[in-house]
Structures are given as structure tokens and as C-alpha cells.
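User: Can you walk me through this model? I'd like the overall layout and then one strand in detail.

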Amino acid sequence: MPAWWIAVLAAVIVSAGGALALRSLRRRQVAVRVSGQSMEPSLRHGDLLLVRRCPGSQVTVGDIVVFEAPGYDHEWSAMPGHRSDMLARWLVKRVAAVPGDPLPEGVVGTGPTVAAGTIVVIGDSAGYDSRTFGPLPFERVLGRGLRLLSTSNHEPRDLSRISGGA
């Protein structure tokens, strides 16, 4: 086989491998644009947040999470997974409590502690969070914030890891 043919074949294999790696990365991570002021000062309107997809059971207190917003009646209208990521309305909040932790003040639950299969999310400032809709079911979590990719007004800010957990 001629040397040029081997070079072409190697380039095709490297390109295909790169495409597969990018596809795999997209399944694990997604960029989310922050809208609103409920997470100030940590996140501001217009910031771009890198999120690693993970189940709600893998988040810890202090993590910033992205999750499907409940409807206006504070209930989720569709079963998890039956909605396209593009159609869902997403919220960004900080995890305040996980199963077994005491319920934070102002959050209504079925007992004195956070129930199994749920977490409590609260904005860093005022906003629509668990104080309004109660504990969040694990299956509504899209993932955990890893870091800021860009800031809304390009001012210097720490773009390192923004969540509290490991």
C-alpha cells in the first residue's frame, strides 16, 4: 500500500475518532445560558455555565444544579424523559439539602428531613425555588454545574469550579 494511502487512512480514522469523542462529550456535558438574577452573585444573567449531566442522586450540598422547572401549578406535567431537552424550561439553583438532611427553613415537606429521592434547591438570592415548589425529585435534575465558560459582561471573574461538592 502506498505511503500516501496510509496517511489518508490514518487521517480518516483520527477524524472519525474525534467525531465520536465529541459526540460522547455532548452527551455528558451541556452549556446553559443563565437567565435572571436568582443566583447572584455567583452567576449573573447572561453567564454561560458548563453542566455535566448526572442524576440527582450524585449531587451534594453546595453544588449548583440545572433542573427541569415545575409548571405554574408547581407540579411537573410530563414524566421525566418524555420531554425534549429543547422543550423543557430549565432552572439553575444551589443544592441546600439532600436526603436525610433537616428541611431548610421555609421549605415545606412531608417530614422534618428531606425525603429519599429528593433534594432541596435554593437560589443565592430571591427566586423561584424549593421554598415555592418544595423538594425537587432526583429525576428532574439535568446535571451539576462545573464552571463558567464565559461571563455576561466580560468582566474579570473567577471562572474556576463554582459548585461546592467534589
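Analyst: The overall layout comes up below, followed by one strand and its partners. This is a predicted model, where local features need pLDDT of at least 70, side-chain atom pairs count only at pLDDT 80 or more, and totals for chains, interfaces and linings use all residues. Residues are numbered from 1 along each chain as its sequence is written, and side-chain values use heavy atoms, with hydrogens and water left out.

User: What helices and strands does the chain have?

Analyst: Two helices and seven strands, taken as DSSP runs numbered from the N terminus (helices H or I, at least four residues; strands E, at least two). Along the sequence the pattern is α-β-β-β-β-β-α-β-β.

User: Strand 5 next: how many of its residues are buried?

Analyst: Five of the five in strand 5, residues 118-122. Buried means under 20% relative accessible area with a 1.4 Å probe, protein chains only.

User: Which way do they point?

Analyst: Thr118, Val120 and Ile122 point one way, and Ile119 and Val121 point the other way.

User: And which strands pair with strand 5?

Analyst: Strand 4 (residues 90-97) pairs with strand 5 in the antiparallel sense over three bridges, and strand 6 (residues 136-137) does so in the antiparallel sense over two bridges. Pairing requires at least two DSSP bridges between the strands. Val121 is the bridge partner of Val95, while Thr118 stands opposite Pro137 in strand 6.

User: Change of topic: what percentage of the chain is buried?

Analyst: Buried residues are 39% of the 166 in the chain.

Definitions and conventions:
Buried means under 20% relative accessible area, exposed over 50%, partly exposed in between (1.4 Å probe, protein chains only).
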